[in-house]
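Visitor: Hi, I'm new to this one, could you walk me through a few of its features?
Guide: Gladly, let's bring it up and begin with a contact between a charge and a ring.

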Amino acid sequence: MKEGCHDGGGAVTVAPAAQRMALIGSPNAGKTSIFNSLTGLHARTGNYPGVTVGRSIGSFRSGGSQFLVEDLPGTYSLDPISPDEKIVTDLLNGRIEEIRPPDALMIVVDATTLRRSLRFVAQVLNLHKPSCVVVTLTDELMRRGGRIDIDGLSRALGVPVVQVIGNRGVGIQELRKRLVDWQNWPLPPMEAPRDPAELESWTDSILEAGDYRPAHSDRVTERIDSVLLHPVWGTLVFFGVMFSFFQIIFSFAAPLQGLVETLFGWLGSVVDDRVPIPWLAGLLGDAVIGGVGAVVVFVPQILLMFLLISLLEGVGYMCRAAFLMDLIMSKAGLEGRAFVALLSSFACAVPGIMATRTLPSAKDRIATMMGAPLMTCSARLPVYILLIGMLVSPDARIGPLQTQGLIMFCLYLLGAVSAMIAAWVVKKVQDRHGLLMPFYMEMPPYRVPTIRTIVLSMWESSKTFLRKCGTIILTTTILLWLLLNLPLHGTAELTAAGVNPADRAATTSYVMDHSAAAAIGRAVEPVFEPLGFDWRVNVGIVASLSARETFVATLGQIAAAENPESPASALNSMTYTDGPHVGERVFSPPTIAALLLFFVYALQCMSTVGVMRRETGTWKWPAIAFGYMFVLAWSTAWLAHTIVAAVTGVH
């Protein structure tokens with residue numbers, strides 16, 4: 001059988017008699033590190049049947065038996081207030097169709113917050129399922145002057161207790177041995193108390209039996225937090241970090257981008273010289289190398305962006321940013337968890353929208369979903385880099401600051417501010433008097449992340465972008481190549497039109513200008529002409545509805561057809577072929593400014609529309625989102641084009 005990962009990620013093949021284990025615990029307790037160490041997977045993800053809450057499953061073999069391990073969503077309690085938490089209680093109580101409840105539970109607790117964690121342990125033990133407590137971060141506890149007696153804790157709880165340091169693999173083998181023998185795990189002799197006062201006394205007795213001494217406060221963390229969590233200094237640091245982020249992306253990735261661009265230029269010339277069949281040379285050179293290659297050249301920036309994000313997450317800064325932004329989000333009637341969802345949209349709006357499951361209020365979830373697509377995702381990055389590169393020289397500076405990085409920072413800032421304003425407007429419209437739910441987020445001590453953790457995190461995030469290049473973008477570019485080359489034009493027709501069939505550049509220009517793609521571009525011209533877009537830009541805009549990066553692939557393919565050896569120069573020198581501005585440059589400052597603003601606001605991602613439909617259960621909200629964002633995109637693009645044209649005197 002295949003264990004159901006119901007949305008992406010791939011399924012794990014499981015024997016019908018597989019023994020089911022579940023990892024359960026609070027967020028950031030180390031469940032996923034243990035999961036990866038046990039199964040050798042890097043969190044295969046999917047969805048639970050009937051809902052869109054994320055699911056991570058894997059398996060391992062021992063003693064001829066197969067064990068299925070499931071990493072449940074993080075939760076602080078079995079009294080759910082969000083979809084993430086509800087799925088945990090439903091699974092444990094057998095209320096999810098198609099999924100058998102786990103045979104045994106691994107309760108993951110953070111040694112540095114053991115007192116709080118024991119209240120959750122008590123709830124789980126009262127389910128009367130075979131359970132094993134897995135204590136993590138004991139190295140951190142010892143470093144900060146704490147102590148714990150694992151055997152004493154096990155005797156007091158009446159269940160097995162294993163000490164594990166997940167990111168270093170310490171204790172994993174012992175945990176495996178325990179899991180194999182789960183049917184012989186003892187159950188607690190009596191239930192944990194449910195009355196709050198009695199539960200507090202029970203917790204004290206367990207801690208005493210386990211010779212537990214809590215960790216001292218981390219002085220380094222406290223000193224750093226006194227600055228980073230300060231309403232004024234912390235905000236300044238946050239903007240400084242984000243500003244440096246984009247300066248680094250432009251400064252350090254440029255040489256690598258140049259190498260990749262040179263490689264694809266060389267591949268294009270090889271195809272042009274070595275492939276004798278014209279249509280095959282066009283397909284390989286223009287569609288595959290010119291189209292997909294136009295997007296792949298931005299991989300260095302994508303990798304560097306995810307590397308920096310992984311570093312910020314690994315050291316513990318991102319949760320501080322969320323806490324800091326809670327002060328701002330509360331003004332919009334939202335809470336810090338909404339910012340966490342918006343922050344997730346920096347990589348892609350899809351996980352950002354899915355992250356709204358952690359929000360207790362359904363109205364807050366809707367409001368956050370309506371703003372999440374405005375956060376600048378990685379798909380916009382190739383578009384921004386391409387357009388900013390045509391607008392501003394790499395050597396241009398404002399004082400010590402690189403102008404390209406400054407423009408990029410402003411675009412990201414504009415997207416973030418717009419996302420919060422959109423969420424605020426939707427929140428006010430649908431929930432004028434709603435109460436703000438309390439926001440709880442754990443602040444882990446600052447840590448130096450391992451190289452393996454950073455590289456894996458960077459690769460997992462970048463892999464989605466690369467997979468999209470090999471699927472959606474490749475498919476779209478091949479389809480566009482067909483549209484750009486059909487209908488076929490014979491020698492007689494070319495000669496009658498005054499085109500020399502032996503002149504490849506003139507023939508290519510005529511074919512594209514009279515192609516099906518040109519017809520589509522001209523059909524929507526009345527909509528986009530006020531923004532300065534010609535039919536080729538229009539085709540890119542239409543193609544980008546599948547995925548934003550295909551805009552770059554479309555222009556790359558058109559430019560590669562016009563000048564295979566130097567597509568970039570062909571793009572820069574592209575001129576209008578008809579209309580009142582014939583002969584003028586297409587990518588003038590007003591048009592580039594309009595394109596940048598259009599891509600800031602337009603919802604050009606069918607994956608985002610699809611996941612929004614699944615999360616809300618209706619087409620109403622995706623339709624509203626697509627509509628208001630298109631109107632916003634067109635209006636701001638027209639305004640930008642009008643202002644820049646007036647200032648520069650260029651159309």
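Visitor: Which ring does the charged end of Arg320 sit over?
Guide: This is a predicted model, and in it the charged end of Arg320 lies over the ring of Tyr446, at 4.1 Å from the ring's centre.

Visitor: And what about the charged end of Arg176, which ring is under that?
Guide: That one is Phe60, with the charged end of Arg176 placed over its ring, 4.8 Å from the centre.

Visitor: Switching to rings with rings, how many aromatic pairs are there in the whole structure?
Guide: A search of the whole structure turns up ten aromatic pairs. One of them joins Phe243 and Phe409, whose ring centres are 5.1 Å apart and whose planes stand at 80°, so the pair counts as edge-to-face.

Visitor: Where in the chain do those two sit?
Guide: They come from distant parts of the chain, since Phe243 belongs to helix α9 (residues 233-274) and Phe409 to helix α17 (residues 403-430), with their positions 166 residues apart.

Visitor: Buried or exposed, those two?
Guide: Phe243 and Phe409 are both buried. For another pair, take Phe528 and Phe630, where the centres are 6.4 Å apart and the planes are at 80°, so this pair is edge-to-face. It too links distant parts of the chain, with Phe528 in helix α22 (residues 525-528) and Phe630 in helix α28, 102 residues apart.

Visitor: Why is Phe528 called buried, then?
Guide: Phe528 has a relative accessible area of 6%, and buried means under 20%. Phe630, by contrast, has a relative accessible area of 31% and is therefore partly exposed.

Visitor: Which residues make up the aromatic cluster with those two?
Guide: Phe528 and Phe630 form one aromatic cluster together with Phe533, Phe551, Phe598 and Phe599.

Visitor: What about the surface, which residues form the nonpolar patch?
Guide: The patch consists of Ile520, Val527, Val542, Leu545, Met606, Phe626, Phe630 and Val631, which together have about 600 Å² of accessible area. Helix α28 (residues 620-648) contributes the most to this patch, giving three residues.

Visitor: Where is Leu545?
Guide: Leu545 lies in the loop between α23 (535-543) and α24, and Leu545 counts as partly exposed because its relative accessibility is 32%.

Visitor: Last one, how many residues of α24 are buried?
Guide: Twelve of its 13 residues are buried, so to say that α24 is mostly covered is fair; among the buried ones are Phe551, Leu555 and Ile558. This helix, residues 550-562, reaches 18 Å from its first C-alpha to its last, close to the 18 Å expected.

Note on methods
Residues numbered from 1 in each chain as written. Predicted model: local features only at pLDDT ≥ 70, side-chain atom pairs only at ≥ 80, totals over all residues. Heavy atoms only, no water. Helix = DSSP H or I, 4+ residues; strand = E, 2+ residues; numbered from the N terminus. Expected span 1.5 Å × (residues − 1). Buried < 20%, exposed > 50% of the residue type's maximum accessible area, 1.4 Å probe, protein only. Patch = residues over 30% accessible without salt bridge, like charges linked within 9 Å, V, L, I, M, F, W, Y side chains within 5 Å. Areas by Shrake-Rupley, 256 points an atom, 1.4 Å probe, with all protein chains shown as cover. Salt bridge = Lys/Arg side-chain N within 4 Å of Asp/Glu carboxyl O. Phe/Tyr/Trp six-rings, centres within 6.5 Å; stacked < 30°, edge-to-face > 60°. Lys NZ or Arg CZ within 6 Å of the ring centre and 35° of its normal.
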